[in-house]
Amino acid sequence: MAKQQLLLIGHGMVGQRYLESLVAQGGREHFDITVLCAESLPAYDRVGLTSYFSGKTADDLSLVPEGFFAEHDITLKLNTKADAIDRGARTVTTNTGETLSYDKLVLATGSYPFVPPIPGNDRDNCFVYRTIDDLDAMIAASKGGKVGTVVGGGLLGLEAAKALHDLGLQTHVVEFAPRLMAVQVDDFGGGLLKDKIQELGVTVHTSTGTKDIVDGETCKHRMNFGEDNYLETDVIVFSAGIRPQDELARACELELGERGGVVVNNHCVTSDDSIYAIGEVALWEGRIFGLVAPGYQMAEIAAEHLMGKVENQFQGADMSTKLKLMGVDVASIGDAHGNTPGSRSTVFMDQTAGIYKKAVISECGKKLLGAVLVGDANDYGNLLQLCLNEMDLPGDPAALVAPVSDGAPLLGADALPDTAQICSCNNVSKGDLCAAIDGGAMTVGDLKSCTKASATCGGCSALVKQVLDSELEKRGVEVNNHLCEHFPYSRQEIYHLVRVGQITTFDELLEKHGSGEGCDICKPTAASVFASCWNDYVLNKPHAGLQDTNDYFLGNLQRDGTYSVVPRVAGGEITPDKLIVLGEVAKKYDLYTKITGGQRVDLFGARVEQLPDIWRTLVDAGFETGHAYGKSLRTVKSCVGSTWCRYGVKDSVGTAIQVEERYKGLRSPHKIKMAVSGCTRECAEAQSKDVGVIATEKGWNLYVCGNGGMRPRHADLFASDLTDEELIKTVDRFLMFYIKTADRLQRTSVWLENLEGGLDYLKQVILEDSLGIGAELEAEMAHVIDTYQCEWKTTIEDDEAVKRFKHFVNDNSADDNLKYVRERGQRRPAFEHERIELVEEA
Amino acid sequence: MNSSVAVQWQAVCKLDDVLPGTGVGVRLPGRQAALFRTRDGSLYALDNRDPFSQANVLSRGILGSVGDKRVVASPIYKQHFDLETGQCLEDEAVSLTVYPVEVEGDVIKLAVPA
């Protein structure tokens with residue numbers, strides 16, 4: 001049977017979800033799929049749009065897996081807008097002059113921002129907040145201005161205000177209603193939100209309507225509000241709600257709602273049964289759903305219906321939301337305004353702490369109908385579950401909003417039914433998580449990648465962790481992060497025991513807290529913790545047997561039993577004289593020489609008995625050990641920056657050297673890599689490092705927890721526009737907190753992914769000092785820095801230490817089993833088959 | 001070990017040459033051994049050749065215990081070898097030669113096949 005033609009108009013978040021769902025159900029076997037996308041970019045994360053201002057790129061925001069269209073043979077036409085639908089002929093004409101025929105048509109055109117009919121609303125530098133193109137235009141316009149104004153104080157309006165604020169403009173919000181976020185919160189909550197946002201430097205004008213916009217005196221525009229009441233501004237962003245993008249449907253006479261929106265049934269089929277509508281363009285039972293989660297549900301249901309599956313129907317959706325607006329937590333659940341007849345509210349308000357919580361309770365007093373949370377939304381997950389699952393309240397309704405003294409959750413993950421929706425963005429139920437855990441998921445990261453739970457807004461990540469822990473425990477999986485059979489403790493606990501108990505040797509640690517003889521897991525871990533805490537010389541006798549061979553011989557063991565030598569070249573800056581010394585040493589010992597990814601030189605093939613001589617030469621020439629062998633700071637890569645580069649805005653090399661000198665030798669749970677870029681062109685690739693620093697006109701932007709290697713991870717922007725002092729202080733705290741709390745061999749990227757509370761929590765601890773440990777972290781770091789020694793310098797000055805650099809205890813000769821082959825002008829260890837040939841030749 | 005094979009005791013080093021909790025390489029006629037001294041002072045010797053990498057490096061492995069067995073972990077790919085029997089714990093088919101060790105005064109001696 002010939003394939004049918006499926007045409008999708010609109011490639012936003014919902015359109016992409018539709019394609020994924022259809023492909024997963026084998027839709028490609030029955031349909032040839034063509035997608036029209038009016039924008040210049042394929043689907044991206046519109047929910048995360050604001051992060052575009054804080055450093056994310058269009059690529060970061062993309063929702064399309066690499067190679068998706070090629071792999072599934074789907075035709076995507078970018079910059080192509082549908083102009084008209086001919087339902088009789090079943091064709092669509094486009095702005096590019098094409099006529100495409102269809103058997104089935106899906107409208108996922110979304111919505112457009114409503115611009116109030118104010119005279120002057122079409123002046124220059126008046127924008128809407130919807131697409132990446134809009135954002136680019138806002139960024140360009142903000143460069144010449146000083147004041148920015150958002151018309152509309154709803155959810156998206158406040159996001160836009162944050163964007164203007166981040167662009168460095170004095171920011172105003174003008175809202176017609178008497179409060180902010182009128183739909184989601186009540187007067188008290190809105191009032192508190194207004195206070196908090198004003199504290200951050202954004203001026204809020206409520207109950208204010210704009211009469212017209214005219215030329216300004218001090219700024220580009222003047223917005224007239226009424227009698228002598230006006231505001232001058234350079235940039236205006238309209239964010240006064242959305243309207244369904246239903247022009248196409250109107251022109252071809254599909255059934256629409258009174259106030260727009262394409263009418264659909266429970267399967268998202270429109271009044272023409274060849275045409276579906278999904279997402280914000282669709283009107284279901286008189287309602288438009290302006291959130292992504294219901295749009296995703298529609299996408300799934302429409303795709304299933306197309307494949308002949310009619311079991312699932314769209315039943316409306318919960319419109320509860322939780323978000324962080326300019327650092328203020330705001331959440332709204334269910335019937336937030338208490339519109340249900342007979343409902344009663346219980347309220348907690350603390351104006352000094354800036355917290356407002358309201359729970360709307362049913363007439364019978366047993367069920368939670370809705371809630372408003374401002375300033376502290378930690379209870380959102382619990383309250384939402386109580387509300388959605390219509391569970392009986394666990395006790396006094398007032399306890400729902402009262403401050404909890406012991407911080408205990410109201411509701412264990414255990415109490416939730418399998419149908420409980422944990423992640424509303426991606427519609428993941430507790431049952432889905434349990435199935436994934438049965439399928440082998442063991443960590444929050446596993447669950448995220450196989451169910452998408454917490455992958456969109458992340459609001460449910462703490463709840464996902466709770467479900468994971470309780471389910472693993474139920475399955476008899478010992479949820480234990482014990483280091484090994486000798487210590488019933490995690491690395492974090494060992495670190496704590498060592499510090500608090502002032503333990504300095506492995507024997508003492510084993511005697512007090514462990515059993516058996518230790519092993520190749522716990523011994524190097526203990527050695528690393530001792531080094532992080534006390535920074536002893538790693539070769540001191542009590543530590544000798546704890547070290548991995550790399551740390552024991554202060555080199556990197558290679559496959560034939562020889563070592564490689566990597567002197568420190570801080571920031572990758574090296575004088576010609578020093579470079580010549582490296583060349584001479586390499587030549588003298590016939591060492592295979594290679595430039596590393598960390599901007600230094602690696603010399604391979606040194607035998608143990610050669611190491612002290614090699615290092616004597618290097619230390620005499622002013623080199624220090626590069627710690628390439630340790631779980632410790634490796635390199636701080638840099639671009640040349642303002643030293644030479646015509647684009648460089650700061651001295652990236654100088655800062656890289658300063659940072660590398662500061663943290664060199666710092667022992668940590670795993671290796672640490674850093675980089676410093678001298679401008680936003682980012683030639684040092686800092687966003688792929690554990691700690692990445694990028695110069696801006698206003699200071700340093702700090703990125704953390706990036707990774708290259710096996711599981712690449714883009715670093716997260718942690719703090720912006722830091723001074724040199726702020727940068728160092730922040731990195732001090734960040735590194736020490738990582739060293740204190742990470743698991744063995746856990747890079748910062750995985751550490752962050754498993755850190756409860758994620759990036760926001762990390763920011764609170766490091767930037768806001770929420771645990772009150774900032775000074776302690778800095779002092780601990782200062783101790784390590786003050787006690788730094790070059791381990792090779794110490795070694796070559798200590799005859800006892802040098803003695804151990806021998807292959808045989810009873811003979812000074814070298815290992816006679818080493819065989820080499822010359823390749824590309826240098827030597828390398830022979831492979832097994834080559835060894836046989838070499839022996840035959842001999 | 002087959003006890004009917006004649007052995008010869010060879011002095012290799014002083015007791016102090018091996019720190020407790022570490023190992024050293026030993027040259028024997030035609031072969032290399034790894035000599036270990038555990039934390040409690042017991043001495044063991046195995047082949048120095050790591051059968052998984054063919055490198056002579058077992059003397060540089062970390063000592064420890066797995067259950068009630070005393071082991072050394074290869075520094076290359078981390079397989080464990082029983083110090084008493086030479087048996088590899090990860091691969092039944094692989095085992096190392098064990099060399100008897102004795103101490104006379106402060107001198108360590110290994111028994112090698114004559």
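This is a guided tour of a predicted model, taken selection by selection.

**Overall confidence and chain B**

Before selecting anything, note that the predictor assigns the complex an ipTM of 0.92 and a pTM of 0.58. Then select chain B, for which the mean pLDDT is 91, with 95% of its residues at 70 or more.

Colour chain B by secondary structure. The chain has zero helices and nine strands, so that, by the DSSP runs on which elements are assigned, the order from the N terminus reads β-β-β-β-β-β-β-β-β. Chain B has 114 residues, of which 45% count as buried. Where contacts in chain B link residues at least 6 apart in sequence, 42% of them join residues at least 24 apart.

**Strand S9 of chain B and its partners**

Select residues 107-113 of chain B, which form strand S9, and display the side chains. Their directions alternate along the strand. Ile108(B), Leu110(B) and Val112(B) point to one face and are buried. Val107(B), Lys109(B), Ala111(B) and Pro113(B) point to the other face and are not buried.

Next, add S1(B), which is joined to S9(B) by seven bridges and runs antiparallel to it. To find the register, pick Gln10(B): its bridge partner in S9(B) is Leu110(B), a residue already seen among the buried side chains of S9(B).

Now add strand S8, residues 101-104 of chain B, which pairs with S9(B) in the antiparallel sense over four bridges. Here Glu104(B) has Val107(B) as its bridge partner in S9(B). S8(B) and S9(B) form a hairpin with two residues between them. Centre the view on Gly105(B) in the turn, where phi is positive, at about 65°.

**The contact between the chains**

Show both chains and select the residues at their contact. Chain B contributes 29 residues and chain A contributes 25 residues. On the side of chain B that touches chain A, four strands each supply at least two residues: S1 (7-14), S2 (22-28), S5 (62-66) and S6 (69-73). Colouring this side by residue class gives 14 nonpolar, nine polar and six charged residues.

**Two helices of chain A**

Move to chain A and select helix H1 (residues 13-24) together with helix H8 (residues 292-306). How do the axes of these two helices lie with respect to each other? They come within 8 Å and cross at roughly 35°, and the crossing is right-handed.

Display the side chains at this contact. From H1(A), the participants are Met13(A), Val14(A), Arg17(A), Tyr18(A), Ser21(A) and Leu22(A). They meet residues of H8(A), among them Val292(A), Gly295(A), Tyr296(A), Met298(A), Ala299(A) and Glu300(A). Further along H8(A), Ala302(A), Ala303(A) and Leu306(A) also take part. The residues of this contact of H1(A) with H8(A) divide into 11 nonpolar, two polar and two charged.

**A three-stranded sheet in chain A**

Select S13, S14 and S15 of chain A, which form an open sheet in that order with antiparallel pairing. Its edge strands are S13 (212-215) and S15 (229-233), each pairing on one side only. On average, neighbouring strands of the sheet are turned by 30° against each other, direction ignored.

Within this sheet, S13(A) pairs with strand S14 (residues 221-226) over four antiparallel bridges. To inspect one of them, pick Ile213(A), whose bridge partner in S14(A) is Met223(A).

**Two buried positions in chain A**

Select Gly153(A), in the loop between strand S10 (147-151) and helix H5 (155-166) of chain A. Is this glycine buried or exposed? Gly153(A) is buried, because 28 other C-beta atoms lie within 10 Å, where the threshold is 20 or more. Leaving aside neighbours within four places in sequence, Gly153(A) is in contact with Leu158(A), Val173(A), Glu175(A), Leu180(A), Met181(A), Val204(A) and Thr206(A). Then pick Gly241(A), which is 88 residues from Gly153(A) in sequence and 9.5 Å from it in space, C-alpha to C-alpha.

The last stop is Leu509(A), found in helix H14 (residues 506-513) of chain A. Leu509(A) is likewise buried, with 23 other C-beta atoms within 10 Å. Not counting residues up to four places away in sequence, Leu509(A) touches Val498(A), Ile503(A), Gly514(A) and Ala526(A). From C-alpha to C-alpha, Leu509(A) and Ile494(A) are 8.8 Å apart in space and 15 residues apart in sequence.

How values were computed: Residues are numbered from 1 along each chain as its sequence is written. Chains are lettered from A and ligands numbered from 1 in the order in which they are written. This is a predicted model: local features need pLDDT of at least 70, side-chain atom pairs count only at pLDDT 80 or more; totals for chains, interfaces and linings use all residues. Axes are lines fitted to C-alpha atoms, for helices over the stretch in contact, and angles run from 0 to 180 degrees between N-to-C directions. A crossing is left-handed if the near helix is turned anticlockwise from the far one by less than a right angle, and right-handed if clockwise. Two residues are in contact if their C-beta atoms, placed from the backbone, lie within 7 Å. Ala, Val, Leu, Ile, Met, Phe, Trp, Tyr, Cys and Pro count as nonpolar, Asp, Glu, Lys and Arg as charged, and the others, Gly among them, as polar. pLDDT is the predictor's confidence in each residue, from 0 to 100. A residue is buried if 20 or more other C-beta atoms lie within 10 Å of its own, exposed if 12 or fewer, and partly exposed in between; C-beta atoms are placed from the backbone. Two strands pair if DSSP finds at least two bridges between them.
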